[in-house]
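Please look through the structure below slowly, with the sequence beside it, before reading on. The paragraphs after it are meant to be followed with the model in view.

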Amino acid sequence: MPAGEIFGLLGPNGAGKTTTLRILATLLRPDSGTASVAGHDVVAEPERVRRAIGVVNGGMGLYDRLTGREVLHYFGRLYGMSNAAIAARTEELATVLELGDALTRQAGGFSSGMKQKIVIARAVLHDPPVIFFDEATSGLDVMARRAVLDMVRRFADGKKAVVYSTHVMTEVEELCDRLAIVYRGELVAVDSVQGLYESTGTDSLEKAFFATVRRVGQPLVAA
Amino acid sequence: MRAGIVRQIAGKEIVSTIRDRRAIVSNLVVPLVLLPTIMLGLPLAFGGLFTREQATQTPVAVQNLDELPPALSELLLSANVAPQASDDAEAAVTSDSVSLGLLVPLAMSDSVAAGERAELMLFTKRGNLRAEVTASKVTGAIEAYRQGLVSERLRDAGLDPAVLEPITVSSVDASSAAERSSGQLSWIIPFFIAIWTLVGGQMTAIDATAGEKERGTLEALLVAPVRRSEVVAGKFLATLLFGLAAAVMAIVGYIAGGAIVRWLVRSRLSGEAGDMLAELGGSLQITPSSVALLLVSTLLLAATMAAVLLCLTMFARSFKEAQSYVAPLSFLLIVPVVALQFNDLLDLGPAVYLVPVVNVLLLMDGIVTGAFDWAAILLTFASLAVVVALLLAFAHRNFSRESVIFRT
């Protein structure tokens with residue numbers, strides 16, 4: 001993946017998207033095969049990989065009794081940042097993400113949208129070149145969802161490589177330069193959205209998804 | 001392992017716990033207050049009841065009151081017993097009119113004067129504390145009357161009353177000052193320390209493991225460039241700190257609370273209350289070196305409990321589930337504590353000091369009573385150190401297992 005690209009991982013629940021991202025994030029060891037992130041092997045150099053990535057997923061939360069600033073400071077220190085660097089980066093992210101008074105309030109009282117903004121700030125605090133989003137908009141209202149999608153675009157414009165995993169086709173259509181379709185643990189297609197339309201003779205991602213799955217002979221109902 | 005990272009992780013857990021009002025109350029305030037309340041408050045309250053009951057004029061139903069010898073009647077009155085005439089002493093007790101009945105045999109005064117044996121009968125409901133106090137007053141008076149009669153009859157027969165006591169036995173308490181002052185219930189101190197090292201660390205351990213999973217913060221922590229060993233060490237240290245703090249609060253509460261209560265109510269600490277307080281170890285006095293040993297033992301026990309808590313709570317998916325895992329541990333602790341009460345009767349060899357938790361409870365009991373040896377200390381400390389290391393290795397392994405960290 002080149003810098004600045006948004007790469008979509010599309011598939012239904014249970015397809016293997018999260019497992020793939022967890023392997024790339026060094027949380028799980030692959031049974032076989034190899035993977036590298038930012039030039040580092042995920043098995044041989046897990047710490048280097050972790051320094052190069054930021055991870056945002058829909059189920060991620062915050063420490064309820066810490067303020068937004070304390071959450072960011074804690075993770076900044078874990079990433080080896082100095083106090084001054086953390087403070088400067090926190091102010092920068094507060095402006096970009098419009099964190100308002102969330103930096104001084106305890107996270108237990110945040111709305112789901114604000115919580116997700118702090119989760120994103122935490123993931124990019126150390127300015128990683130690669131960011132993984134996994135179902136990052138699940139459970140968010142329309143306004144918060146829009147803010148997250150805009151942020152993903154902004155990160156890509158800032159020359160970060162973004163892997164965007166979701167089962168929401170409209171988000172992939174809107175954001176992704178290329179996508180991979182994952183189905184039942186198999187990678188069944190890798191193409192651009194337009195390329196997928198052309199290869200399947202369809203005009204929507206949903207139709208293209210089903211056409212692709214049928215073409216590779218996968219059953220369309222759960223086993 | 002990087003000390004700075006461990007400090008950050010431990011620091012975050014400590015701040016989270018300190019900001020939880022429930023945790024502070026249950027970890028620090030309750031242990032500070034509970035032990036003095038139980039060990040000092042209860043004896044003061046109930047000891048006072050016994051003293052008051054002894055001093056109160058208690059009515060006793062006496063059947064055939066006219067037959068009661070005047071000397072015995074006087075002794076009963078001086079023992080704060082008020083004899084009341086009754087047609088049926090047993091029925092009076094059965095109907096709860098009085099707590100004690102006394103049947104005086106017909107012509108008792110004549111029988112006694114003739115040198116014959118008279119048989120008195122006491123009626124009481126067993127298990128009734130008030131009746132037992134009254135019975136002790138009545139039997140005390142009767143015993144004094146009996147001894148007077150025996151002496152009188154022996155003198156009439158030209159014999160010295162000492163002929164009835166050809167042998168006397170004196171029992172001398174040969175225990176050390178520490179053993180005497182610790183009281184018979186000295187085991188309660190190790191028990192409370194054990195309970196508080198467990199309870200004190202509980203909230204922190206659950207929040208640091210199952211709580212992280214439930215909130216969805218564990219994944220963020222594990223994708224940061226920290227080693228699993230640093231995560232385990234940081235969470236272990238925070239759990240240990242709160243377990244230790246709760247236990248220390250319990251000890252401080254006991255010592256300081258005892259001193260304050262004794263100072264405040266010195267005048268009331270005579271009689272039953274004073275006896276009960278001594279029995280419960282309320283006047284515990286141990287040397288500074290014993291205090292140091294007690295603290296080191298507490299530290300090791302807290303470390304063991306913290307490691308057990310981390311290993312256990314890591315498997316839970318939520319705070320609630322973790323609490324259900326931890327709850328039975330308190331009951332498990334009761335088993336060695338009950339055994340501790342009978343350790344004088346059990347023939348326990350040095351090998352018992354290799355059994356985790358049991359060993360440190362026995363050792364603490366020995367430290368409190370001043371009866372311990374260095375072999376026991378070495379065996380206990382070595383055994384606990386090995387157990388803690390093994391448990392932490394297990395916790396470290398679990399922090400790397402998919403089936404554990406993603407069990408949500």
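What follows is a walk through a predicted model, from one chain to its sheet, then to the other chain and the parts they share.

Chain A makes a convenient starting point, and its secondary structure comes to 9 helices and 8 strands. The C-alpha trace of this chain spans about 55 × 40 × 35 Å along its principal axes. For a compact globule of 223 residues one would expect a radius of gyration near 17 Å, and the 18 Å of chain A agrees with that. Of the 223 residues in chain A, 42% are buried. If we consider the contacts in chain A with a separation of 6 or more, 66% of them are between residues 24 or more positions apart.

In chain A, 6 strands form an open sheet in the order β4-β5-β6-β1-β7-β8, and the pairing in it is mixed. As a general matter, the strands of a sheet pair through backbone hydrogen bonds, and they may do so in a parallel or an antiparallel way. The edges of the sheet in chain A are β4 and β8 (186-192), each of which has a single partner strand, so one side of each is left without a neighbour in the sheet. From one strand to the next, the twist averages 15 degrees. The strands β4(A) and β5(A) (residues 130-134) run parallel and are joined by 5 bridges, and within this pair A:Val55 has A:Phe132 in β5(A) as its bridge partner. Helix α5 of chain A (residues 112-124) packs on the sheet and touches β4 and β5 of chain A, its direction making about 165 degrees with that of β4(A). Helix α1 of chain A (residues 17-24) lies across β1, β5, β6 and β7 of that chain, running at about 155 degrees to β5(A).

A single residue can show what it is like inside this chain. Is A:Ile6, which is found in strand β1 (residues 6-10) of chain A, buried or exposed? A:Ile6 is buried, because 24 other C-beta atoms lie within 10 Å, where 20 or more are needed for a residue to count as buried. Leaving aside neighbours within four places in sequence, A:Ile6 is in contact with residues including A:Val152, A:Val162 and A:Leu175.

Chain B has an open sheet of 4 strands in the order β2-β1-β3-β4, also with mixed pairing. Its edge strands are β2 (81-86) and β4 (121-124) of chain B, each pairing on one side only, and the twist averages 30 degrees from one strand to the next. Helix α6 of chain B (residues 129-156) packs on this sheet, touching β1, β2, β3 and β4 of chain B, at about 30 degrees to the direction of β3(B).

The two chains also meet, with 22 residues of chain A in contact with 18 residues of chain B. The largest share of the side of chain A that touches chain B comes from α3(A), with 4 residues. By class, that side has 13 nonpolar, 3 polar and 6 charged residues.

In soluble globular proteins, nonpolar side chains tend to be buried together. Here the largest nonpolar core has 142 residues, and among those with the most contacts inside it are A:Val152, A:Val162, B:Ile193 and B:Ala307. Helix α11 of chain B (residues 228-264) gives the most to this core, with 16 residues. A second, separate core of 18 residues includes B:Leu72, B:Val81, B:Ala92 and B:Ala141.

Notes
Residues numbered from 1 in each chain as written. Chains lettered and ligands numbered in written order. Predicted model: local features only at pLDDT ≥ 70, side-chain atom pairs only at ≥ 80, totals over all residues. Contact = placed C-beta atoms within 7 Å. Helix = DSSP H or I, 4+ residues; strand = E, 2+ residues; numbered from the N terminus. Nonpolar A, V, L, I, M, F, W, Y, C, P; charged D, E, K, R; others polar. Pairing = 2+ DSSP bridges. Axes fitted to C-alpha atoms, helices over the stretch in contact; angles between N-to-C directions. Buried ≥ 20, exposed ≤ 12 C-beta atoms within 10 Å, placed from the backbone. Rg over C-alpha atoms; globule rule 2.2 N^0.38 Å. Core = buried A, V, L, I, M, F, W, Y, C linked by C-beta atoms within 7 Å.
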